[in-house]
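Colleague: Could you take me slowly through a single part of this model, the largest pocket, and explain each term as you go?

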Amino acid sequence: MKHYINTLAATGIALLAMTSCEKDKLLTTDFPEAYPTTEITFNVSEVLPLGVGMDSTLVYTVGPELATDKTVIFSSSDPTVATVDENGKITALKVGETYINAVPVIGFGANASVQVKVIEKVIKAEEVILTNITEPSEEGYYYETDEIQLVCEILPADHTYDYVTWTSLTPEIASVDENGTVKCLKEGDAHIRCHTHDHSNVAGDYKFHIYKMQEVERLEIKPLDGPLCVTQGNVPLDVTYYPEGATIGSVKWETTDPTVVDVKRGVLTTKGWGSATITATAPSGEIATVSVTVEQGWYVWDSNWGWGGWSCDNVSYTDFGLHAQYNDAGSGKWRNDLKYTGISATATLPFDWSTYKVLAARFFHLPSGGNANMDAVDAISGINSNNLRPTRTDLSDGSALYIWDASGKYNNAYTEMRIFNIKVADLPNDRFSSVNEAYYDVKWIRTFKTADDAKAFVEAEIAAGN
């Protein structure tokens, strides 16, 4: 877009051209392009609190870089609450709210606004605590090219200002961005500072050492023993790095399908069913690969791999398993259903009953009687499991194996469950000697290909003392 002055100039030149037609002369222009301001950005929190009598100068940027005139005009929607001068300095006058607006001097092309909330008194920061939430390398160190994430906690908890600025006091050693993300640049002692903007002069510091990276020249990855389970979580690969003591973080890891499995520093994280190839590239260019399959239909929920969405009332999770205290359901009976939470008609739990046709759970401290049905509704066909009743096998160690065989219950081999619960209900009160005894424990819930597979798995557990 050209500045209007150029337009007027062009008009005048056209008139001159007409007056000199008899001389067959043409006048041309060589005026520079005028670039408007298209962006104004305030570097401030969404709501800016100010105490009565306080002032604060806005920090802002104007774009694009080649804008002809970057002058900004400020205004306040309620100057009785707070005023703003031509330099963006805001002065709080009385308790209330107003908006500080900014537009280009030419009056079009961009605008910015921030809400100013004037309060009676500002609660200043007394302490800033910086915490590193990024785990170090396998050796326990941070190396060149590593990236770490710092988080900032401001005390007291009811402080007024959340806005902080991150600074590296050793920028040649480590850099930091506005979100507290630190990039390790070279060997040395790094010093990161985070300071507040409430005139308290309080800041937090984080110091750490960055070690020199010894590049991996080559590596070997052992093939996996078998398929992975989607609920397995983090699975470390068996990797040997050469030379011994080389920095593991120097290797670049990639996956062909991040929806199946992700990889970071040689550790897999299962995401969904399917297959993927993991590639590790050393700085030397040497490459190692391994194929990974996440078995479709296979689920395991336990204390080792996590309970995922399984929950119920009065629940706790222990190293042994899921511990559930019963509720008094009235009429002299106890109940506390296991539910897979977080699913609905739109957020479903995928299942494939074509291969893994059986769902099984190993219960402890669950007396006979009552109702332990499965309530599972298919989001695709809408078919309910019709309160599929389990078979119960009492085991030699006092536990009970419940098996729900879903063969033939659903129209689709692959389906998605919008309701998935295990009813543990209608247990008569006389099954327990006291209220404190009214509980049950679940060692695991998992899918199997057949009921015989489930029984063989439990028998192997008992033989191993588990």
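Modeller: What follows is a description of the largest pocket and of a sheet that shares a strand with its lining. This is a predicted model, in which local features need pLDDT of at least 70 and side-chain atom pairs count only at pLDDT 80 or more, while totals for chains, interfaces and linings use all residues. Residues are numbered from 1 along each chain as its sequence is written, and side-chain values use heavy atoms, with hydrogens and water left out.

The largest pocket (on a 1 Å grid over the protein atoms alone, an open set of points where a 1.4 Å probe fits, with protein on both sides within 12 Å along at least five of seven lines) has a volume of about 540 Å³, a volume being the space filled by probe spheres set on the points, which are joined across faces, edges and corners. Of its 21 lining residues (those with an atom within 4 Å of a point), Thr 134, Glu 135, Glu 147, Lys 264 and Arg 265 are the closest to the centre. Two or more lining residues come from each of the strands (DSSP runs of E, at least two residues, numbered from the N terminus) β12, β22 (261-264) and β23 (267-270), and β22 gives the largest share, 3 residues.

Strand β12, residues 147-155, also pairs (at least two DSSP bridges) with β10 in the antiparallel sense over 6 bridges, and there Ile 129 stands opposite Glu 153. Both strands belong to an open antiparallel sheet of 4 strands in the order β10-β12-β15-β14, whose edge strands are β10 (127-132) and β14 (174-176).
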